[in-house]
Amino acid sequence: MGAIWFRKNDFADHLHEIIGYKSGIAASVEEMCDLLSGSGFDDKILNSEQYGLRIRSEEYDELYYSLLHCIGVTDKPTNAMFECFKKLQEIEQKSGLEFSQSIHEIYNRHIKEEIAKALQEGKKSLDPESMMEEAVNLHGRAGLDAIMLLITSYDDLMKHSPHTSMKFHQYTNIVNLSDLFERYQPVALEGAFLDQRFIDFLSNNTNKLGSIHWRKFEELTAECFQRFGYSVELGPGSNDDGVDVRVWKNDEHTAPNYIIQCKRMKSKIDKVTVKGLYSDILHEGSELGILVTSSEFSIGARKTVSARSYPIKEVNGEKIKTWLSELRTPGSGIVRV
């Protein structure tokens with residue numbers, strides 16, 4: 001494999017530009033190094049700022065896909081085609097070389113036909129139905145599985161590879177990763193309350209939930225419930241009388257069904273906090289109070305809720321991780337409160 005040369009300062013600028021283009025998120029040198037901390041790639045980025053960099057092409061791909069995963073774009077920090085080739089080798093060992101060659105021949109022939117058809121008809125997408133049908137007719141379910149593996153892997157390669165101009169999502173703007181942590185900047189062009197890119201990022205970096213801006217934590221909670229199908233009102237952020245989010249099942253003109261208090265913190269929720277939330281439930285006339293925290297309830301808080309039969313539900317960091325996993329792109333949007 002060959003090597004790629006970058007002059008002083010060029011490598012970090014290159015990563016900043018290409019990751020921003022592919023993900024829609026702009027990350028600084030410090031942020032990229034933090035995300036790659038402990039991998040050895042962080043040192044390469046820092047050293048390149050002073051000395052430039054010579055990096056093998058396969059190592060460049062590994063660094064790039066690791067960073068793309070850290071930003072939240074992909075489920076795994078790997079090149080999908082490498083995973084595809086491994087699986088195809090396994091299929092080949094089970095079904096034989098002729099099977100593998102047949103599947104590749106079907107894929108390559110139909111791709112050429114579909115590209116020609118798309119160009120002629122002015123379409124921007126390819127129809128895989130014909131190649132899937134031929135693979136099934138010749139090889140049954142094994143053929144369908146193999147051809148689908150090729151389709152999804154090549155699609156992933158085209159959208160995520162640093163060597164193509166395609167993107168996984170056609171974001172029309174760039175958001176700064178620092179807006180999630182350092183200052184309050186209301187950005188929700190790809191969501192009702194919190195931008196989808198931040199949800200994708202947090203789904204791959206749940207350890208950073210306790211470090212995001214407190215207002216972003218409230219927006220995350222509001223975004224989740226809005227995606228669940230509820231009517232949601234996000235409080236002003238200050239002077240909200242302890243209620244950060246109000247949630248209605250149907251009619252917003254009645255008392256909110258749920259009131260939510262958000263606690264982005266590392267320490268555990270104490271019993272004083274749950275007692276205060278219960279008072280807010282009575283005042284609002286709500287059926288349930290939900291305390292969403294990046295941490296968890298203390299033993300005392302849980303005992304208080306149980307002993308006094310408070311209509312309070314704990315949504316802790318582990319539950320939020322589940323929400324993020326379900327809501328990440330492309331995501332099913334089907335979650336359980």
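**Notebook: first look around the model**

I began at Tyr310, which is buried with a relative accessible area of 11%. A reminder to myself: this is a predicted model.

**Entry 1, the aromatic pairs**

How many aromatic pairs does a search of the whole structure find? I got twelve. I then looked at Tyr107 and Tyr154, which are stacked, with 5.0 Å centre to centre and 15° between the planes. Where do the two sit? Tyr107 belongs to helix H6 (residues 97-121) and Tyr154 to helix H7 (residues 129-160), so their pairing ties together parts that are 47 residues apart in sequence. I also checked how covered each one is. Tyr107 is buried, at 9% relative accessible area, while Tyr154 is partly exposed at 26%.

Next I returned to Tyr310, which forms a stacked pair with Tyr278: the centres are 4.2 Å apart and the planes differ by 20°. This pair also links distant parts of the chain, 32 residues apart, with Tyr278 in helix H10 (residues 271-284) and Tyr310 in the loop between helix H11 (299-307) and strand S9 (312-315). Tyr278 has 25% relative accessibility and counts as partly exposed, because buried would need a value under 20%.

I noted a cluster too: Phe6, Phe11, Tyr60, Tyr64 and Tyr65 form one aromatic cluster.

**Entry 2, the cores**

Which residues touch the most other members of the largest nonpolar core? They are Phe11, Leu220 and Phe225, out of 57 residues in that core. Helix H4 (residues 57-71) supplies the largest share, eight residues. A second, separate core has 14 residues, among them Leu88, Ile106, Tyr107 and Ile111. I met Tyr107 above, as the buried partner in the first stacked pair.

I followed Leu220 further. Leaving out residues up to four places away in sequence, Leu220 touches Leu194, Ile199, Leu202, Leu209, Ile320 and Leu324.

**Entry 3, helix H10**

I gave H10 its own page. H10 has 14 residues and reaches 20 Å from its first C-alpha to its last, close to the 20 Å expected at 1.5 Å a residue. Which of its residues are buried? My list reads Thr273, Val274, Leu277, Asp280, Ile281 and Glu284. These residues cover an arc of only 110° around the axis, which puts them on the same side of H10. The spacing makes sense to me: an α-helix has 3.6 residues a turn, so residues three or four places apart point the same way.

What do the buried residues of H10 pack against? I found strand S6 (245-248), strand S7 (258-263), strand S8 (288-293), H11 and S9. On the other side of H10, Val272, Leu282 and His283 are exposed. After H10 comes Gly285, with a positive phi near 75°.

**Entry 4, two loop residues**

Ser161 sits in the loop between H7 and S4. Is Ser161 buried or exposed? Ser161 is buried, at 5% relative accessibility. Apart from residues up to four places away in sequence, Ser161 touches Lys22, Tyr64, Tyr65 and Asp156. Tyr64 and Tyr65 are names I recognise from the aromatic cluster. A polar atom of the Ser161 side chain lies 3.1 Å from the backbone nitrogen of His163. I also found the C-alpha atoms of Ser161 and Asn79 separated by 8.0 Å, though these residues are 82 residues apart along the chain.

Last, I visited Asp195, in the loop between strand S4 (175-176) and helix H8 (196-204). Asp195 is buried, with 0% relative accessibility. Its side chain and that of Arg197 are joined by a polar contact of 2.8 Å.

Key:
Residues numbered from 1 in each chain as written. Predicted model: local features only at pLDDT ≥ 70, side-chain atom pairs only at ≥ 80, totals over all residues. Heavy atoms only, no water. Core = buried A, V, L, I, M, F, W, Y, C linked by side-chain atoms within 4.5 Å. Buried < 20%, exposed > 50% of the residue type's maximum accessible area, 1.4 Å probe, protein only. Contact = heavy atoms within 4.5 Å. Phe/Tyr/Trp six-rings, centres within 6.5 Å; stacked < 30°, edge-to-face > 60°. Polar contact = N/O pair within 3.5 Å; in protein donor to acceptor, adjacent residues only side chain to side chain. Expected span 1.5 Å × (residues − 1). Arc of directions from axis to C-beta.
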